[in-house]
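Student: I'm new to this structure and would like a close look at a single part: the packing of its nonpolar and aromatic side chains. Could you walk me through it?

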Amino acid sequence: MKLVEVKDSATTKDFHKVPFSIYKNDPNWVPHLKQDIEEVFDRKKNLTYKNGDAIRWVLYNDRKEAIGRVAAFVNKKTAFTFEQPTGGMGFFECINDKAAAFMLFDKCKEWLIGQGMKAMDGPVNFGEKDRFWGLLSEGDDKPAIYTMSHNPPYYRTFFEEYGFTKYYEQIVYHRNTIDPPSPRLVGVAERVTRDKNYHFESLDKSKAAKYAEDFRTIYNKAWKAERSDFEEMTREKALEIMKKMKPIMDEDTNWFAYYKNEPVGVFISLPELNILFKYVNGNLNLWGKLKFLWYKKTKGCRTMMGIVFGIVPEFQGKGIEAAIFVELGKRIQPKRTYDNLFINWIGDFNEKMIHLMTALLQVTTYKKFITFRKIF
């Protein structure tokens, strides 16, 4: 076996080709878009390169067939916030061969040690946590979620036998949108809305810049309190995110909470795009875009994916979360435009949110992902 760094069009092509052989018989797999992955490794588009570096490899067998791939990265702005300097590895795909998997892990470890790291998290992304983060540990019998992992169970064995241990778990919850809200949820929401200092707004695309700034304000307050590796979002980054999401956003499914006109809570959701992207075969080129538009028109998307849900710390536990969901239900249930709601990326360390999900919103667990850590 031979490891080759991805440096040219041939190795880049092989990097994207690896998963197609591994999942060829898996009806629940949907290939990640080539364009989404390449953006991670584009120094001009990925702002994380300002504070770090990334590298990736393809593993070939003796017949020069691509049988594995992996990437390693260091974000020096966050790496030293841990007890030991910690880098990351991700985009791991490999045939069911322990020696091949360990060869890929070893290469990441070797490179990260050269960068001054003493540990690595994986599989993670070189960028935001909302995508390409965590190893699927539960739910491989269900359709893959856009930009989230989908992997065979043997991957977990590779990670654990190499010495990775669970750092934390991420949960994806599901709820039927047509089910009425629980009386308890409604009661909590009504206590909030009786206070006239609060008001709730659905996103207005014509005021995208305003909502991008409101989102940034909430994000920087809420996530800073929860993450030791927090990196403050800039105004430019917030506008960039809003610009990307705006074409596919549904105003009805994105809500902001305000107290005395100051933003204090947000719920951001998008259509679950894998329902449509499964037809483009991992490439959103011109032909892929045409197919996407065709299936969007003919089949539509009746599943919404909650990707961001945050309340600023001083307003947590006051019922704002419940009020947001009640307002969301009031808007979408009469229209019957959605059948399913998924809420993505709830960390097992977020006990308040888990209580809200299970006790008030009455969701069920749909998938689970594990973020591992390996101490060198």
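Tutor: Sure, let's start with a term. A nonpolar core is a set of buried Ala, Val, Leu, Ile, Met, Phe, Trp, Tyr and Cys residues joined through side-chain atoms within 4.5 Å. Keep in mind that this is a predicted model.

With that in hand, the largest nonpolar core here has 56 residues. Phe200, Phe256, Ile320, Ile324, Phe325 and Met357 are the ones with the most contacts inside this core. Helix α11, which covers residues 320–332, gives the most to it, namely eight residues. Now zoom in on Phe256. Leaving out residues up to four places away in sequence, Phe256 touches His199, Phe200, Glu201, Leu203, Tyr211, Asp214, Phe215, Ile218, Gly265, Val266 and Ile268. Apart from this core lies another one, with 33 residues, including Met89, Phe92, Leu112 and Ile370.

While you're looking at Phe256, find Tyr259 too, which has its place in strand β9 (residues 255–259). The relative accessible area of Tyr259 is 22%, so this residue counts as partly exposed, since buried would mean under 20%. Again setting aside residues up to four places away in sequence, Tyr259 touches Asp195, Asn197, Tyr198, Val264 and Phe315. Take Asp195 from that list: Asp195 and Tyr259 are 64 residues apart along the chain, and their C-alpha atoms are separated by 9.4 Å.

Next, the rings. The structure holds 39 aromatic pairs. One of them is Phe91 with Phe132: the ring centres are 5.1 Å apart and the planes meet at 50 degrees, so this pair is tilted. It links distant parts of the chain, with Phe91 in strand β4 (residues 86–94) and Phe132, 41 residues apart from it, in the loop between β5 (119–122) and β6 (135–138). Phe91 and Phe132 are both buried. Tyr219 and Trp223, on the other hand, make a stacked pair, at 4.9 Å centre to centre with 20 degrees between the planes. Tyr219 and Trp223 are buried as well.

Rings can also gather in groups. Phe92, Phe102, Phe105, Tyr154, Tyr155, Phe158, Phe159, Tyr162, Phe164 and Phe372 form one aromatic cluster. Phe92 is also among the residues of that 33-residue core. Tyr162, another cluster member, has Lys374 lying over its face, 5.2 Å from the ring centre. Elsewhere, look for Tyr366: the charged end of Lys142 sits over that ring, 5.7 Å from its centre.

Technical notes: Residues are numbered from 1 along each chain as its sequence is written. This is a predicted model: local features need pLDDT of at least 70, side-chain atom pairs count only at pLDDT 80 or more; totals for chains, interfaces and linings use all residues. Side-chain values use heavy atoms; hydrogens and water are left out. Rings of Phe, Tyr and Trp (its six-membered ring) pair if their centres lie within 6.5 Å; planes under 30 degrees apart count as stacked, over 60 as edge-to-face and the rest as tilted. Helices (H or I, at least four residues) and strands (E, at least two) are DSSP runs, numbered from the N terminus. Buried means under 20% relative accessible area, exposed over 50%, partly exposed in between (1.4 Å probe, protein chains only). A charge sits over a ring if NZ of Lys or CZ of Arg is within 6 Å of the ring centre and within 35 degrees of the ring normal. Contact means heavy atoms within 4.5 Å.
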